[in-house]
Amino acid sequence: MPVLELRGISQEFGGLRALDGIDLQVPRHAIFGIIGPNGAGKTTLFNVITGIYPPTEGQLLFQQQPIASWSSHKVARLGVGRTFQNIRLFNRLSVLDNVKVAANWNRSAGFWASILGLPSYSREQKHCQEKAEALIDMLGLYDKRMEYAQSLSYGEQRRLEIARALIAEPSLLLLDEPAAGMNSSEKIELMDLIWKIRDDMQLTILLVEHDMHLVMSICEQIAVLDYGRKIAEGRPEQIKSDPRVIQSYLGVEA
Amino acid sequence: MIWQQLLNGLTLGSTYALIALGYTMVYGIVQLINFAHGEIYMVGAFVGLFLVTVWDANLAVAMLGAMAVCMLLGVLVERIAYRPLRGKSSRLSPLISALGASIFLSTLMALIAGVNTRRYPAVQDVGSYALGPVQLSSMQVIILLVSAALMIGLQFLVAHTRIGKAMRACSQDLDASALMGINVNRVISYTFAIGSALAAAGGVMVGVYYNAVWPYMGTLAGLKAFAAAVLGGIGSIPGAMLGGLTLGILEIMGVAYISSSFKDAIAFGILIIVLIIRPQGILGEKINKKV
């Protein structure tokens, strides 16, 4: 049973067809890669999945539930976490608060409970604090938990984005170019991290990435987009030898 | 003399600051100048008056009642006049809608209560205390203490509570907040509710202090508070507080040492000068436009 299923998803922006009839099935616990040249519609695909814009056509099923017209925060609460191609942290919140603010809000611990200092609020607060600290620790940011997000190094900010995406315990994690701007040793760490997250937290990972070595090493399945269309899908070794993919994206050398 | 004026300015400035906070918080999150905010303050003053005259309420009850009513009104204005336009139209449409809401509320109040200026009955003993060279009326004490308490409370809320953190997250990146599971619409509603409650408290206190309430009192007070918010740096909460106090003090000083007929010109003159020297306001952050 796929965690995420796209059936004929299209997205138009004033006549421009950014996505054109995409079908996709992301199996549970997979590490699934999406590759393609710039402007192929990879980030648009992420934006459609996370409810930033409803698709012009097609069906979007998350755990067999149609979510195509859902607003972003509902999709997130249902269990879809994501990171961004250009880091979008809350720069003037501490590392800890960046993570805590993304935790699932329990209704009983809402506004009035927080104003009145009800026990339900402090209990929830404590639980959230512990969970956030554990995550920050796992991503090696514990010593910096009180610092502003903007004071972190680039690599640390990328990891903080992952921590923030994980606090709500998503069953699907979308990583938008997680290795962008990283050097090779950071990339190796990142790969280990992605495996670890998938195994420890029992989730499914869908990632967009340009680094072919990383994609081919960690993804169990890959879909290739070009001009908004899916031109190929398969295991890494199939993708590497697919003539259409080589022509439009990988180049002759790859 | 100067100490007395300073104190009077501080009193006036506290009320500007209470109103300015509503402008700045809403702007910080949705980049909208809520022109109906001055009218919320006016409605607050009227609700307080109603409670005092009809139900014989004391000042504290009148203030709490006005805050509660205006919380609802602020949320309602956002729901009806701003939310339907959000994300669907240009930045200009919500601004026009805000002007419409402002005119609607003041005209509605004129229809209900008439356009005459109404006076608060004596809800507060007008005792006065001598503090060295300064005469401090009991209403001034109340305004200063209540404003300080509300502003400290707001600071605590924004810095330490979950809703406060969500408000800060939304003010930094609205889309990313939604993608992290924050119900952005709810955070915006809370923001309007909190800002409106502060304005209502200001409305009641000003109504009692100056002993005058009328349907169009929100226009100039709103403009002044807006100027205070811009002066302090719009979007910044400490900025609104500082801007309000600065404006109040300078205005009173201007009246005392220059001329009272320049009262309003002084406020806006200062605004213009500050914006020429420091366009982001006193505590505002410099905006680096992304290319």
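**View 1. A:Phe13 and its aromatic partner in chain A.** In this predicted model, A:Phe13 has a relative accessible area of 33% and is therefore partly exposed. A search over all chains of the structure finds 6 aromatic pairs, and one of them joins A:Phe13 to A:Tyr53, whose ring centres lie 5.0 Å apart with planes at 80°, so that the pair is edge-to-face. The two residues come from distant parts of the chain, since A:Phe13 belongs to strand β1 of chain A, while A:Tyr53 lies in the loop between α1 (42-49) and β4 (57-62) of chain A, 40 residues apart. A:Tyr53 is likewise partly exposed, because its relative accessible area is 22%.

**View 2. A ring cluster in chain B.** The rings of B:Tyr23 and B:Phe226 have centres 5.6 Å apart and planes at 50°, so the pair is tilted. Because B:Tyr23 sits in helix α1 (residues 2-30) of chain B and B:Phe226 in helix α9 (residues 217-232) of chain B, the pair ties together parts of the chain that are 203 residues apart in sequence. B:Tyr23 has a relative accessibility of 3% and so counts as buried. Through ring pairs, B:Tyr23, B:Phe35 and B:Phe226 are linked into a cluster.

**View 3. The open sheet of chain A.** In chain A, 4 strands form an open sheet in the order β2-β1-β4-β5, with antiparallel pairing. Strands β2 (16-27) and β5 (65-66) of chain A stand at the edges with a single partner strand each, so one side of each has no neighbour in the sheet. Within this sheet, β1(A) and β4(A) run antiparallel and are joined by 5 bridges, and the bridge partner of A:Leu6 in β4(A) is A:Leu60. Strands of a sheet pair through backbone hydrogen bonds, in either a parallel or an antiparallel manner.

**View 4. The surroundings of A:Ile9.** A:Ile9 is part of strand β1 (residues 2-13) of chain A, and with a relative accessibility of 0% this residue counts as buried. Leaving aside residues up to four places away in sequence, A:Ile9 touches A:Leu19, A:Asp20, A:Gly21, A:Ile22, A:Val48, A:Pro55, A:Glu57, A:Gly58, A:Gln59 and A:Leu60. By contrast, A:Arg82 lies 73 residues from A:Ile9 along the chain, and the C-alpha atoms of the two are separated by 19 Å.

**View 5. Arginine ends over aromatic rings in chain A.** The charged end of A:Arg145 sits over the ring of A:Tyr142, at 4.1 Å from the ring centre. In a second arrangement of this kind, the charged end of A:Arg164 sits over the ring of A:Phe90, at 4.8 Å from the ring centre. A:Arg164 is also among the residues that line the second largest cavity.

**View 6. The second largest cavity.** The structure holds 3 cavities of 30 Å³ or more, and the second largest cavity has a volume of about 50 Å³. Its lining draws on both chains, with residues including A:Ala76, A:Val80, A:Gly81, A:Ala102 and A:Pro170 from chain A, and B:Leu179, B:Met180 and B:Gly181 from chain B. In chain A, β6 (80-82) and α6 each supply at least two residues of this lining.

**View 7. The second largest pocket.** The second largest pocket has a volume of about 1000 Å³ and is lined by 33 residues, of which B:Arg86, B:Gly87, B:Lys88, B:Leu174 and B:Asp175 lie nearest its centre. The elements that give two or more residues to this lining are α2 (72-78) of chain A together with α1, α3, α7 (174-179) and α8 (184-210) of chain B.

**View 8. Positive phi angles in loops and a hairpin.** A:Glu169, which is not a glycine, has a positive phi of about 50°, and this residue is found in the loop between α6 (154-166) and β7 (172-176) of chain A. Its relative accessibility is 54%, so A:Glu169 counts as exposed. In chain B, B:Asp56 also has a positive phi, near 60°, in a residue other than glycine; B:Asp56 lies in the loop between α2 (37-54) and α3 (59-82) and is exposed, with a relative accessible area of 69%. Strands β1 (residues 128-131) and β2 (residues 134-137) of chain B pair in the antiparallel sense over 4 bridges, and B:Val134 in β2(B) is the bridge partner of B:Leu131. The hairpin of β1(B) and β2(B) has 2 residues between the strands, and B:Gly132 in this hairpin takes a positive phi near 60°.

Definitions and conventions
Residues numbered from 1 in each chain as written. Chains lettered and ligands numbered in written order. Predicted model: local features only at pLDDT ≥ 70, side-chain atom pairs only at ≥ 80, totals over all residues. Heavy atoms only, no water. Buried < 20%, exposed > 50% of the residue type's maximum accessible area, 1.4 Å probe, protein only. Contact = heavy atoms within 4.5 Å. Pairing = 2+ DSSP bridges. Phe/Tyr/Trp six-rings, centres within 6.5 Å; stacked < 30°, edge-to-face > 60°. Lys NZ or Arg CZ within 6 Å of the ring centre and 35° of its normal. 1 Å grid on protein atoms, 1.4 Å probe; cavity = no way out; pocket = protein on both sides within 12 Å on 5 of 7 lines; lining within 4 Å. Points joined across faces, edges and corners; volume = space filled by probe spheres on them.
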